[in-house]
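Here is a walk through a few helices and some loop residues worth a look. Have the model open and follow along.

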Amino acid sequence: MLNIPLMSNNIKKEDIDSLIEFLKTADRFTQGPKVQEFERAWAEWLGVKHVLFVNSGSSANFITMAVIRDLYGAGEIIVPPIAWSSDISSIFAAGHTPVFVDVGKKNLAMMESEILSHITEKTRAVFLTHVLGFNGLSEFLVKELEKRNIPLIEDVCESHGATMNGKKCGSFGLASNFSFYYAHHMSTIEGGVICTNDNRFYQYCRLYRSHGMVRESTDENLKAEIAAKYPELRPEFLFLVPGYNMRGTELNAVIGLNQIKRLDENNRHRVENFKLFLEHLDPEKYYTDFDVEGAVNYAFVILLSRADPQQFKKLTDTLRAENVEFRRGTAGGGNLARQPFVCEQMPEFDPATLTNAEFIHFYGLYTGNYPDLSHEKILQLCDLLNGI
Ligand SMILES: Cc1ncc(COP(=O)(O)O)c(C=O)c1O
């Protein structure tokens, strides 16, 4: 049996050791100096001014959509059907309306022509997911959105280290969200970050992370401006926005500080693995024309070259028999517009109109690609797949 899990050894003994060392002397465990240190390290790694550590990538999504509403008003958010549930639920929660745009097969991200043709005067943001390690952006799209004054929010939860023209994904838009869940490129067990160069956006995110409290802001002018508006309220208990408690802990940050040191090296292995995988996969049977420029995939994306339900069943049966763990439909389990929580809110929308997302939903899956997956196993996996 091949025995390939989705992820392996992502929290290492050295991470646990650093945590034990920290716990021996620590006297503060919730958000504190270690969280700040990790935020600075991530800001430097990504090349942005402000980073906010939160307790998950989904929390990052919920905060981001709420801040878009507060700063730009509720409206339409252009979003892909191949993403994660919280990319959509955060839109509903903030009182926006999702506008689904189909994805392309080459990078599983929204197609730029489709994004641009769905922009209306109600569009408040384009919320683009970089799926499973692929860069989902083009320079043309970034420039076009800037020209039209449409904020771009990047969900980079699955694509740490992916680049567009040598610049890291997550540094192009108004803000970007990353997840450090166990299955991703690096992990803090649970955790996430919101990254931005925009001070006002950042300050609002700070408030949302901690109950909506104004004292969480690091901008003295903003604090004074708000306090002056509410003289009857105590500045230390001034809840400006309907916030959450989405803080991370010092423990998660300690692991993050250790993990970030290994991220680039781990990603080099992932890139090498994915290249080897694609080189040996039969293009007659599987789609192999992925846009790998700048991609850092923690998964091997397997799409049938043709719609063939029986072949797909054979594929999943074979992987199960060999104990190769997989997720059908790729990110988020496939076409999210089919999910009950979406259909209930948008009964008139027909998910089948998203042709590529439908294909990926029914004929796509992914298996794990982690740094210590041996080349031998990758070649065996290709042989297995090609023989189906
Ligand atoms: C694209 C994408 N966005 C958001 C999330 C949510 O991240 P988390 O699991 O940290 O809440 C995930 C999660 O796996 C994801 O794949």
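## Helix α1 and its buried side

The buried residues of α1 pack against α2 and α9. Keep in mind that this is a predicted model. The residues in question are D15, L19 and F22. Looking down the axis of α1, you'll find these buried residues within an arc of 60°, so they line one face of the helix. That spacing fits a general rule: an α-helix has 3.6 residues a turn, so residues three or four places apart point the same way.

Turn to the face of α1 that looks away from the buried side and you meet the exposed residues K13, K24 and T25. As for its length, α1 covers residues 13–25, and its 13 residues should span 18 Å at 1.5 Å a residue. The end C-alpha atoms of α1 are 19 Å apart, which agrees.

## Helix α2, covered from many sides

Next comes α2, residues 33–46, with 14 residues. From first C-alpha to last, α2 reaches 20 Å, close to the 20 Å expected at 1.5 Å a residue. Its buried residues are V35, F38, E39, W42, A43, W45 and L46. They cover an arc of only 160° around the axis, which puts them on the same side of α2.

What covers that buried side? The cover includes the strands β1 (50–54), β7 (167–168), β8 (175–179) and β9 (192–196), along with the helices α7 (199–209) and α9 (250–280). On the face of α2 turned away from all this sit the exposed residues P33, R40 and E44. Just past the end of α2, G47 takes a positive phi of about 85°.

## Where α3 meets α4

How do the axes of α3 and α4 cross? Helix α3 (residues 57–72) and helix α4 (residues 85–93) have axes that come within 8 Å and cross at roughly 35°, and the crossing is right-handed.

On the α3 side, the contact is made by S58, N61, F62, M65 and R69. Their partners in α4 are S86, D87, S89, S90, I91 and A93. By character, the residues of this contact divide into four nonpolar, five polar and two charged.

## Two loop residues with positive phi

N165 has a positive phi of about 50°, although it is not a glycine. You'll find N165 in the loop between β6 (163–164) and β7. Is N165 buried or exposed? N165 is exposed, with a relative accessible area of 61%.

H211 is another non-glycine with a positive phi, in this case about 70°. H211 sits in the loop between α7 and α8 (220–229). At 32% relative accessibility, H211 counts as partly exposed.

## A331, a buried loop residue

A331 lies in the loop between β11 (326–328) and α11 (340–345). Being in a loop doesn't put A331 at the surface: A331 is buried, with a relative accessible area of 1%.

Which residues does A331 touch, leaving out those up to four places away in sequence? They are I82, A83, V131, L132, E158 and Y366. Have a look at W84 too: W84 and A331 are 247 residues apart along the chain, yet their C-alpha atoms are separated by 6.5 Å.

Methods: Residues are numbered from 1 along each chain as its sequence is written. This is a predicted model: local features need pLDDT of at least 70, side-chain atom pairs count only at pLDDT 80 or more; totals for chains, interfaces and linings use all residues. Side-chain values use heavy atoms; hydrogens and water are left out. Helices (H or I, at least four residues) and strands (E, at least two) are DSSP runs, numbered from the N terminus. The expected span of a helix is 1.5 Å times one less than its number of residues. Buried means under 20% relative accessible area, exposed over 50%, partly exposed in between (1.4 Å probe, protein chains only). The arc is that of the directions from the helix axis to the C-beta atoms. Contact means heavy atoms within 4.5 Å. Axes are lines fitted to C-alpha atoms, for helices over the stretch in contact, and angles run from 0 to 180 degrees between N-to-C directions. A crossing is left-handed if the near helix is turned anticlockwise from the far one by less than a right angle, and right-handed if clockwise. Ala, Val, Leu, Ile, Met, Phe, Trp, Tyr, Cys and Pro count as nonpolar, Asp, Glu, Lys and Arg as charged, and the others, Gly among them, as polar.
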